[in-house]
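Visitor: Could you take me closely through one part of this model, and then set that part against the rest of the chain?

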Amino acid sequence: MIDHFLSIEDFHEKINEWVGQQIKISKWEMDDVDETVLYLDKISYEKDTRRLDDYEALYTLHLEGEGFIQTDTKYSQLEPLPAPSYEIPLEEDALYEFNGEQFIISTERAVYKLELASH
């Protein structure tokens, strides 16, 4: 399938269709890959108007729900998330892609892939 770039509004509309389902979030940051499985209850955003520097994200996407993080890819060990939310820091230049089955969010610091856990 062909990837299509989305506006943040289109991304929000499409990701909200996944509320009530189990999703898998993969995060690539430098040489590290983290995987999280989350039962998506709700989606919200937060704007940080009190940033101390440009390293802190202006916006945060909250994927809310109970979930597990894979701590050891070799043995597929899962640990509960420390809080019932997965946060993705966003800047205004973040890119949002969707190919009909998965979302890709690209930021300056990391790349996130969101897909239904059954895929």
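Guide: Met 30 is a good place to begin, since this residue is exposed, with a relative accessible area of 82%. The model is a predicted one, and what follows should be read with that in mind. Met 30 sits in the loop between β2 and β3, and its backbone carries a phi near 55 degrees, a positive value in a residue other than glycine. Most residues other than glycine have a negative phi, which is the background against which this angle should be read.

The strands on either side of that loop are β2, which covers residues 22-29, and β3, which covers residues 32-39. A salt bridge links them: Glu 35 pairs with Lys 24, and the closest N and O atoms are 3.7 Å apart. Because Glu 35 belongs to strand β3 and Lys 24 to strand β2, this pair ties together parts that are 11 residues apart in sequence. Glu 35 counts as partly exposed, at 23% relative accessibility, and Lys 24 is likewise partly exposed, with a value of 24%. Side chains of opposite charge can pair when their charged atoms come close.

Another salt bridge joins Glu 29 to Lys 27, with the closest N and O atoms 3.0 Å apart. Here the two partners fall into separate classes of accessibility: Glu 29 is partly exposed at 26%, whereas Lys 27 has a relative accessible area of 17% and is therefore buried, the cut-off for that class being under 20%.

Further along β3 comes Leu 38, which is buried, with a relative accessible area of 0%. Leaving aside residues up to four places away in sequence, Leu 38 touches Gln 21, Gln 22, Ile 23 and Ile 25, and its list of contacts also takes in Leu 63, Gly 65, Glu 66, Gly 67, Leu 81 and Tyr 86. Glu 64 can be placed relative to this residue through the backbone, as the C-alpha atoms of Leu 38 and Glu 64 are separated by 8.1 Å, although the two residues are 26 positions apart along the chain.

Lys 24 also gives a link to the end of the chain, for its C-alpha atom is separated by 8.6 Å from that of Ser 118, 94 residues away along the sequence. Ser 118 belongs to the segment after β11 (111-116), and this serine is exposed, with a relative accessible area of 71%. A further salt bridge is formed by the side chains of Lys 113 and Glu 115, at 3.7 Å from N to O, and both of these residues are buried. In total, the protein has 3 salt bridges.

Moving back toward the start of the chain, before β2, one reaches the loop between α1 (8-15) and β2, where Glu 17 is found. Glu 17 counts as exposed, at 56% relative accessibility, and together with Glu 9, Asp 10 and Glu 13 this residue makes up a patch of negative charge on the surface.

Two further sites help to set this part against the rest of the chain. Pro 82 lies in the loop between β7 (77-80) and β8 (85-90) and is exposed, with a relative accessible area of 83%; its C-alpha atom is 9.3 Å from that of Ile 69, 13 residues away along the chain. Ser 106, by contrast, lies in strand β10 (residues 102-106) and counts as buried, at 19% relative accessibility. Apart from residues up to four places away in sequence, Ser 106 touches Ala 94, Leu 95, Glu 97 and Val 111.

As for the whole, the protein contains 1 helix and 11 strands, and along the sequence these follow the pattern β-α-β-β-β-β-β-β-β-β-β-β. Of its 119 residues, 34% count as buried, and the protein exposes about 7700 Å², of which carbon and sulfur atoms supply 49%. Among contacts with a separation of 6 or more, 53% are accounted for by residues 24 or more positions apart.

Conventions
Residues are numbered from 1 along each chain as its sequence is written. This is a predicted model: local features need pLDDT of at least 70, side-chain atom pairs count only at pLDDT 80 or more; totals for chains, interfaces and linings use all residues. Side-chain values use heavy atoms; hydrogens and water are left out. Helices (H or I, at least four residues) and strands (E, at least two) are DSSP runs, numbered from the N terminus. Buried means under 20% relative accessible area, exposed over 50%, partly exposed in between (1.4 Å probe, protein chains only). Contact means heavy atoms within 4.5 Å. Accessible areas come from the Shrake-Rupley method with a 1.4 Å probe; for residues, only the protein chains shown count as cover. Patches are made of residues with over 30% relative accessible area and no salt bridge: like charges are joined within 9 Å, nonpolar side chains (Val, Leu, Ile, Met, Phe, Trp, Tyr) within 5 Å. A salt bridge is a side-chain nitrogen of Lys or Arg within 4 Å of a carboxyl oxygen of Asp or Glu. Lys and Arg count as positive and Asp and Glu as negative; His and the chain ends are not counted. The place of a charge is taken as NZ of Lys, CZ of Arg, CG of Asp or CD of Glu.
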